[in-house]
Amino acid sequence: WQLIAYFDDSAEMQKRLHRYGIDTARTSLLQISDLAAYPYRGDTPNAASLYTAGLFIPSYPGLSDTDIKRIVTALRLV
């Protein structure tokens, strides 16, 4: 499970968080409105924001209190 957070520069934020040992990911999905097989070709600002600014950070029941504190600390420091 992951929580999405938005940043002005998600690629840079990902590098910074990785330095603190926080596993993050940007979406690997394509925007459906960009695919030829789908008829809709309109503006999709929410999808665009997710695609360009979204960064998935760890969030699942198996995280220990120590893990959570480390993630929060890293987010505050970067």
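This briefing covers the fold, the surface, the nonpolar core and two residues of one protein chain. The model is predicted. The chain has three helices and two strands, and from the N terminus its elements follow the order β-α-α-β-α. The radius of gyration is 15 Å, well over the 12 Å that the globule rule gives for 78 residues, so the chain is more spread out than a compact globule.

**Overall shape and contacts**

- The C-alpha trace of the protein chain spans about 45 × 25 × 15 Å along its principal axes.
- Among contacts between residues at least 6 apart in sequence, 69% join residues that are at least 24 apart.

**Surface and charge**

- Of the 78 residues in the chain, 24% count as buried.
- The protein chain exposes about 5,700 Å², and carbon and sulfur atoms supply 56% of that area.
- The chain carries 8 positive and 8 negative charges, and the mean positions of the two sets are 5 Å apart.

**The nonpolar core**

- In soluble globular proteins, nonpolar side chains tend to be buried together.
- The largest nonpolar core in this chain has ten residues: A5, F7, M13, L17, I22, L55, I57, L63, I71 and A74.
- Two or more residues of this core come from each of α1 (10–19), β2 (54–58) and α3 (65–77).

**A5, a core residue in the strand β1**

- A5 belongs to the largest nonpolar core and is found in strand β1, which covers residues 2–6.
- A5 has a relative accessible area of 16%. Buried means under 20%, so A5 counts as buried.
- Apart from neighbours within four places in sequence, A5 is in contact with A53, G54, L55 and I57.
- Two of these partners, L55 and I57, are listed with A5 in the largest nonpolar core.
- A5 and D67 are 62 residues apart along the chain, and their C-alpha atoms are separated by 17 Å.

**I57, a core residue in the strand β2**

- I57 lies in strand β2 and is also part of the largest nonpolar core.
- The relative accessibility of I57 is 6%, so I57 counts as buried.
- Leaving aside neighbours within four places in sequence, I57 is in contact with Q2, L3, A5, L17, T24 and L75.
- Of these partners, A5 and L17 are named in the largest nonpolar core.
- I57 and Q2 are 55 residues apart in sequence, yet their C-alpha atoms are 5.5 Å apart in space.

Technical notes:
Residues numbered from 1 in each chain as written. Predicted model: local features only at pLDDT ≥ 70, side-chain atom pairs only at ≥ 80, totals over all residues. Heavy atoms only, no water. Helix = DSSP H or I, 4+ residues; strand = E, 2+ residues; numbered from the N terminus. Rg over C-alpha atoms; globule rule 2.2 N^0.38 Å. Buried < 20%, exposed > 50% of the residue type's maximum accessible area, 1.4 Å probe, protein only. Contact = heavy atoms within 4.5 Å. Areas by Shrake-Rupley, 256 points an atom, 1.4 Å probe, with all protein chains shown as cover. Lys, Arg positive; Asp, Glu negative; His and termini not counted. Charge placed at Lys NZ, Arg CZ, Asp CG, Glu CD. Core = buried A, V, L, I, M, F, W, Y, C linked by side-chain atoms within 4.5 Å.
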